[in-house]
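Visitor: I'd like to learn how to read a structure like this one feature by feature. Could we start with a single residue and work outward?

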Amino acid sequence: CPPDLKGAQTTCWDHPKMTELYQSLAALNNIKFSAYRTAMKLRRVQKALRLDLLSMSSASATFTQHELQHSDQAIDVLQIIQSLTAMYDQLEQERGIILNVPLSVDMCLNWLLNVYDTGRNGKIRALSFKTGIVALCNAEVEEKYQFLYEQVSGAGGQCDQRQLSLLLHEAIQIPRQLGEVAAFGGSNVEPSIRSCFRFKCYGLPRSRYNCHDLLYNIIYCFISVILPSVASYLEGGWR
């Protein structure tokens, strides 16, 4: 894991193709603006993992098929491999193309572990898996926001500070892995989350998410007004 991308040297094993990918990402560091630089890096990762071909509906079907609805559950490497293999096999059928499925699985597994299992414990949360896949799949940004919000919200679409903190913690790990976390305000999202729940969001387009719960407006307000930098890397690649 190259120190110029992650900010600190760590001991881990990377697939040779992943090492090549990290080297190519380092070449993008000359892009001046952080949001676009991060988006370009993310786009390069997305294409390398072939997730630019993956629709949100296919990703969601994979999560359901492998019973990953409970975001707090821990999943091990074998479960990740099984889920990824099924996902890429289905992608081949849907797109009518031939993929190097073993390589795609290895690369995606490598990426997910680098982002969410830096200690190499062999397990990540189901929410981590879903966040990593959804962030890179081929879908509209608002569709990604809505899906990820639903992964942490409770009955009636409500989300408390702890749940929102968990979601944003998962999201910020991606720019961290790309060596861009400092440009996005650092990894401590707690002050902004507290501000979010104190902020009164009037006049925001509830119909945008087809939801009548005020807390949908809170998540919209949080991402769009209070801390846009945390999630702006999701937008940059589609501008």
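Guide: Happily. Let's begin with Asn 110, which is buried, with a relative accessible area of 4%. Bear in mind throughout that this is a predicted model.

Visitor: Where does Asn 110 lie?

Guide: Asn 110 is part of helix 6, which covers residues 101–116.

Visitor: Which residues is Asn 110 in contact with, leaving aside neighbours within four places in sequence?

Guide: Asn 110 is in contact with Trp 13, Asp 14, His 15, Met 18 and Arg 120. One of these partners, Arg 120, will come up again when we look at backbone angles.

Visitor: Let me step back to the whole chain. What elements does the chain contain, and how do they run?

Guide: The chain has 12 helices and 2 strands. Starting at the N terminus, the order is α-α-α-α-β-α-α-β-α-α-α-α-α-α.

Visitor: How much of the chain is buried, and what does the chain expose?

Guide: Of the 239 residues, 49% are buried. The exposed area is about 11,300 Å², and carbon and sulfur atoms supply 51% of that area.

Visitor: What share of the contacts join residues at least 24 apart?

Guide: If you take contacts between residues at least 6 apart in sequence, 69% of them join residues at least 24 apart.

Visitor: Now a single element. How many residues of helix 7 are buried?

Guide: Helix 7 spans residues 126–136, and 11 of the 11 are buried, so this helix is largely enclosed by the rest of the structure. Among the buried residues are Phe 129, Lys 130, Gly 132 and Ile 133.

Visitor: How should I read the packing of helix 7 against helix 8?

Guide: Look at the distance between axes, then at the angle. The axes of helix 7 and helix 8 (residues 141–152) come within 10 Å and cross at roughly 175°. An angle over 145 degrees counts as roughly antiparallel, and helix 7 and helix 8 are therefore roughly antiparallel to each other. On the helix 7 side, the contact is made by Leu 127, Lys 130, Thr 131, Val 134, Ala 135 and Leu 136. Helix 8 contributes Lys 144, Phe 147, Leu 148, Gln 151 and Val 152.

Visitor: What classes of residue make up that contact?

Guide: Between helix 7 and helix 8 there are 7 nonpolar, 2 polar and 2 charged residues.

Visitor: On to charges. How many salt bridges does the whole structure have?

Guide: A search finds 5 salt bridges. Let's take one inside a helix, with the general idea ahead of the case. An α-helix has 3.6 residues a turn, so residues three or four places apart point the same way. Here, Glu 20 and Lys 17 are 3 residues apart in helix 2 (residues 16–26), which puts about one helical turn between them. The closest N and O atoms of this pair are 3.8 Å apart. Glu 20 is partly exposed at 45% relative accessible area, and Lys 17 is partly exposed at 41%.

Visitor: Is Asp 52, the partner of Lys 47 in another salt bridge, buried or exposed?

Guide: Asp 52 counts as buried at 15% relative accessibility, whereas Lys 47 is partly exposed at 44%. Their closest N and O atoms are 3.7 Å apart.

Visitor: Which salt bridge links distant parts of the chain?

Guide: Arg 125 pairs with Glu 170, with closest N and O atoms 2.5 Å apart. Arg 125 sits in strand 2 (residues 123–125) and Glu 170 in helix 9 (residues 161–177), 45 residues apart. Glu 170 is buried at 1% relative accessibility, while Arg 125 is partly exposed at 30%. There is also a network in which salt bridges with shared partners join Arg 37, Lys 41 and Glu 180.

Visitor: And the backbone angles you promised?

Guide: The general idea is that most residues other than glycine have a negative phi. Arg 50 has a positive phi of about 65° although it is not a glycine. Arg 50 lies in the loop between helix 3 (34–48) and helix 4 (56–65), and is partly exposed at 32%.

Visitor: What is the phi of Arg 120, and where is its place?

Guide: Arg 120 also has a positive phi, about 50°. Its place is the loop between helix 6 and strand 2, and Arg 120 counts as partly exposed at 30% relative accessibility. That brings us back to our starting point, since Arg 120 is one of the contacts of Asn 110.

Definitions and conventions:
Residues numbered from 1 in each chain as written. Predicted model: local features only at pLDDT ≥ 70, side-chain atom pairs only at ≥ 80, totals over all residues. Heavy atoms only, no water. Helix = DSSP H or I, 4+ residues; strand = E, 2+ residues; numbered from the N terminus. Buried < 20%, exposed > 50% of the residue type's maximum accessible area, 1.4 Å probe, protein only. Contact = heavy atoms within 4.5 Å. Areas by Shrake-Rupley, 256 points an atom, 1.4 Å probe, with all protein chains shown as cover. Axes fitted to C-alpha atoms, helices over the stretch in contact; angles between N-to-C directions. Parallel < 35°, antiparallel > 145°, perpendicular 65-115°, else oblique. Nonpolar A, V, L, I, M, F, W, Y, C, P; charged D, E, K, R; others polar. Salt bridge = Lys/Arg side-chain N within 4 Å of Asp/Glu carboxyl O.
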